[in-house]
Amino acid sequence: MRTMLVRVKDTFDLNPERIIADTAYGSGPMLGWLVDRKIAPHIPVIDKAGRTDGTWSRADFEWDAENNQYICPEGEALKQFRRNYSDPDRGPTGKGVAKYQALKLTCQACPSKPKCCPNADARKITREEHEDARQVARDIAKTDQYAVSMRLRKKVEMLFAHLKRILGLGRLRLRGPNGANDEFLLAATAQILRKLAKIFPAPQQMRNA
Ligand code: SF4
């Protein structure tokens with residue numbers, strides 16, 4: 001995807017406003033790359049932070065960017081650093097993944113501990129690199145425009161599935177990029193003709209009385 005977008009930009013000076021894709025494209029680095037270029041990712045986020053045991057997952061915690069901390073559902077702060085380091089290179093920087101932790105004493109006295117961190121002294125949360133971009137994608141996923149995008153994506157995917165299964169393009173017969181281009185062009189033309197035939201059916205022959 002990156003190669004195609006760079007080529008389109010270099011060749012036609014086109015920068016799409018948004019990209020619609022499936023979860024395979026929802027990794028942090030991919031989303032970060034798109035958001036850096038002001039391309040809205042209409043892509044489901046790959047999120048492995050979800051929990052299956054019924055306890056609160058990262059999505060239940062609010063991100064407070066200004067203070068570089070998460071706020072838990074009980075309103076307590078989970079911080080990366082508990083002290084100010086005069087030298088920014090000191091302290092647990094954890095490049096790539098940052099860890100945030102609540103105070104042990106606070107969690108021990110918290111009534112929601114069984115829902116939050118039943119097996120730990122205090123709740124910890126990790127924040128991956130590109131989390132801001134991931135949040136952009138999550139926020140987009142709540143919009144009406146995203147629902148439209150997903151419908152469009154399915155429409156296109158159905159066409160590709162049809163090309164592969166019905167028109168037999170799972171394997172190409174002609175060799176090289178030109179051969180592939182010819183085959184795809186013919187197949188796409190056949191698809192469009194098929195669609196047109198459905199929209200404008202041939203006039204019925206009048207039967208002789
Ligand atoms: S256990 Fe700790 S982090 Fe979890 S809700 Fe309570 S105070 Fe907040």
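These legends walk you through a few close-up views of a predicted model.

**View 1. The ligand and the residues around it.** Welcome to the ligand site, where the ligand takes up the space of the largest cavity. Several cysteines surround the ligand: Cys 72, Cys 107, Cys 110, Cys 116 and Cys 117. Trp 56 and Ala 102 are also part of these surroundings, as are Glu 74, Glu 76, Lys 113 and Arg 123. Sorted by character, the shell around the ligand holds 7 nonpolar residues and 4 charged ones, with no polar residues.

**View 2. Helices H1 and H2.** Here you can look at how H1, residues 2–12, packs with H2, residues 28–36. A pair of packed helices is described by the angle between their axes and the distance between the axes. For H1 and H2 the angle is about 15°, and the axes are 12 Å apart. Angles under 35 degrees count as roughly parallel, so H1 is roughly parallel to H2. The crossing of H1 past H2 is left-handed.

**View 3. Helices H6 and H7.** Now turn to H6, which covers residues 144–165, and H7, which covers residues 176–199. How do H6 and H7 pack? Their axes lie 11 Å apart, at an angle of about 115°. H6 and H7 are therefore roughly perpendicular to each other. Following H6 past H7, you will find a right-handed crossing.

Key. Residues are numbered from 1 along each chain as its sequence is written. This is a predicted model: local features need pLDDT of at least 70, side-chain atom pairs count only at pLDDT 80 or more; totals for chains, interfaces and linings use all residues. Side-chain values use heavy atoms; hydrogens and water are left out. A residue is near a molecule or strand if one of its heavy atoms lies within 4 Å of it. On a 1 Å grid over the protein atoms alone, a cavity is a set of points where a 1.4 Å probe fits but cannot get out, and a pocket is an open set with protein on both sides within 12 Å along at least five of seven lines; lining residues have an atom within 4 Å of a point. A molecule sits in a cavity or pocket if more than half of its atoms lie within 2 Å of its grid points. Ala, Val, Leu, Ile, Met, Phe, Trp, Tyr, Cys and Pro count as nonpolar, Asp, Glu, Lys and Arg as charged, and the others, Gly among them, as polar. Axes are lines fitted to C-alpha atoms, for helices over the stretch in contact, and angles run from 0 to 180 degrees between N-to-C directions. Helices (H or I, at least four residues) and strands (E, at least two) are DSSP runs, numbered from the N terminus. Angles under 35 degrees count as roughly parallel, over 145 as roughly antiparallel, 65 to 115 as roughly perpendicular and the rest as oblique. A crossing is left-handed if the near helix is turned anticlockwise from the far one by less than a right angle, and right-handed if clockwise.
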